[in-house]
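Visitor: I would like a close look at a single part of this model and at what packs around it. Please start at one end of that part and go through its contacts in turn.

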Amino acid sequence: MSRTKRKFSGWSVFAGCLILMIFPGGMMSYTAGLFMYPICEEFGFSVTAYSMVLTLTAVVNALVSAFLVGYLSKGSRKTMKIIMLVSVVIVCVGFLLQSRCTQLWQFYLMAII
């Protein structure tokens with residue numbers, strides 16, 4: 001029985017995932033501050049009150065990530081796919097609904113979602 005060593009293709013998958021996460025992830029995460037002042041002017045919020053939206057988003061992201069990492073590390077491939085699909089749908093719906101917000105408590109709720 002001969003054992004042939006196959007070339008590890010994980011690095012190309014990693015590079016592809018990295019590129020897919022850099023652009024949309026960076027745009028969603030790091031450009032949110034650009035829209036803070038126009039939103040505050042439009043709706044009459046204070047910058048301090050609205051910046052809590054960004055803080056809530058970061059805290060919820062950290063907590064959910066810490067919670068789901070256990071499922072992702074021990075789960076099967078099917079479990080990982082389901083978690084990723086549900087996560088993507090929730091984030092997209094959250095951003096869609098955030099565009100409809102007009103009051104500060106709505107922005108807070110969408111930050112938590």
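Guide: Start where helix α2 (residues 36–43) packs on α3: the axes lie 10 Å apart and the angle is about 130°. Axes here are lines fitted to C-alpha atoms, for helices over the stretch in contact, with angles from 0 to 180 degrees between N-to-C directions. That angle makes α2 oblique to α3 (under 35 degrees is roughly parallel, over 145 roughly antiparallel, 65 to 115 roughly perpendicular, the rest oblique). The crossing of the two is right-handed, meaning that the near helix is turned clockwise from the far one by less than a right angle, anticlockwise being left-handed. From α2, Met36, Tyr37, Ile39 and Cys40 take part, and α3 supplies Val47, Tyr50, Ser51 and Leu54; contact means heavy atoms within 4.5 Å. By class, this contact has seven nonpolar residues, one polar and no charged (Ala, Val, Leu, Ile, Met, Phe, Trp, Tyr, Cys and Pro count as nonpolar, Asp, Glu, Lys and Arg as charged, the others, Gly among them, as polar).

A note on the source: this is a predicted model, in which local features need pLDDT of at least 70 and side-chain atom pairs count only at pLDDT 80 or more, while totals for chains, interfaces and linings use all residues. Residues are numbered from 1 along each chain as its sequence is written, and side-chain values use heavy atoms, with hydrogens and water left out.

Between α2 and α3 there is a loop, and glycine 44 lies in it. With a relative accessibility of 62%, glycine 44 counts as exposed (over 50%; buried is under 20%, partly exposed in between, 1.4 Å probe, protein chains only). The C-alpha atom of glycine 44 is 9.4 Å from that of glutamine 103, although 59 residues separate them along the chain.

Helix α3 itself spans residues 47–74, and its axis comes within 8 Å of the axis of α5 (residues 104–112), crossing at roughly 15°. That angle makes α3 roughly parallel to α5. This crossing is also right-handed. On the α3 side the residues are Ala49, Tyr50, Met52, Val53, Leu56, Thr57 and Val60; on the α5 side they are Leu104, Phe107, Tyr108, Ala111 and Ile112. The contact of α3 with α5 has 11 nonpolar residues, one polar and no charged.

The remaining partner to describe is α4 (residues 77–98), whose axis lies 12 Å from that of α3 at an angle of about 170°. The two helices are therefore roughly antiparallel. Tyr50, Val53, Leu68, Tyr71 and Leu72 of α3 meet Met80, Ile83, Ser87 and Gln98 of α4. Seven of these residues are nonpolar, two are polar and none is charged. Tyr50 thus appears in the α3 contacts with α2, with α5 and with α4.

Glutamine 98, in α4, links these surfaces. Leaving aside residues up to four places away in sequence, glutamine 98 touches Tyr50, Val53, Phe107 and Met110. Its C-alpha atom is 8.3 Å from that of alanine 111, 13 residues away along the chain.

For the wider setting, the protein has five helices and zero strands (DSSP runs numbered from the N terminus: H or I of at least four residues for helices, E of at least two for strands). Buried residues are 15% of the 113. Of the contacts with a separation of 6 or more, 49% join residues 24 or more positions apart.
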